[in-house]
Amino acid sequence: MQGSLFQIEEEILWEDLGNGIKRKIYGYDNQIMLVKAKFEAEAVGILHQHYHAQVTYVESGVFEMTIGEEKRTIRQGDGYYVPPNAVHGCVCKEPGILIDVFSPHREDFIK
């Protein structure tokens with residue numbers, strides 16, 4: 001197990017990724033990781049791919065999400081699944097927060 005069994009919102013610092021995107025890393029082990037990502041309007045999560053499976057819940061905001069060849073507008077209460085190695089990315093249309101779960105954990109997010 002990495003870190004504490006409990007993650008308290010006020011105790012986790014935002015990591016500024018630049019270009020209007022910040023993230024907080026919550027609990028994780030070698031198999032799973034929870035990440036909160038905050039986007040300003042017009043921030044772009046560039047198209048990318050990784051070998052991790054990903055599921056995401058839209059806590060707030062509006063996003064134009066692309067997964068593979070499909071593009072959809074998603075908003076609060078929606079979610080999506082990204083299969084391993086699928087190209088994906090988003091454009092934030094209204095400021096919002098995405099809650100990501102990765103399996104296995106994103107070792108590249110850990111400093």
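This report covers the salt bridges of a predicted model.

## Overview

A search of the whole structure finds five salt bridges. Three pairs are described here: E9 with K36, E15 with R23, and E64 with K71.

## E9 and K36

The side chains of E9 and K36 form a salt bridge, at 3.1 Å from N to O. E9 sits in the segment before β1 (15–18), and K36 sits in strand β3 (residues 33–39). The partners are 27 residues apart in sequence, so the bridge ties together separate parts of the chain.

How exposed is each partner? E9 has 30% relative accessibility and counts as partly exposed. K36 has 10% relative accessibility; because buried means under 20%, K36 counts as buried.

## E15 and R23

E15 pairs with R23 in another salt bridge. Their closest N and O atoms are 3.2 Å apart. Are these two residues buried or exposed? Both E15 and R23 are buried.

## E64 and K71

E64 and K71 also form a salt bridge. Here the closest N and O atoms lie 3.8 Å apart, and the cut-off is within 4 Å, so the pair counts.

E64 has a relative accessible area of 24% and is partly exposed. K71 has a relative accessible area of 51%; exposed means over 50%, so K71 is exposed.

## A shared network

Which residues are joined through shared partners? Salt bridges with partners in common link E9, K24 and K36 into one network. Two of its members, E9 and K36, are the pair bridged at 3.1 Å.

Technical notes. Residues are numbered from 1 along each chain as its sequence is written. This is a predicted model: local features need pLDDT of at least 70, side-chain atom pairs count only at pLDDT 80 or more; totals for chains, interfaces and linings use all residues. Side-chain values use heavy atoms; hydrogens and water are left out. Helices (H or I, at least four residues) and strands (E, at least two) are DSSP runs, numbered from the N terminus. Buried means under 20% relative accessible area, exposed over 50%, partly exposed in between (1.4 Å probe, protein chains only).
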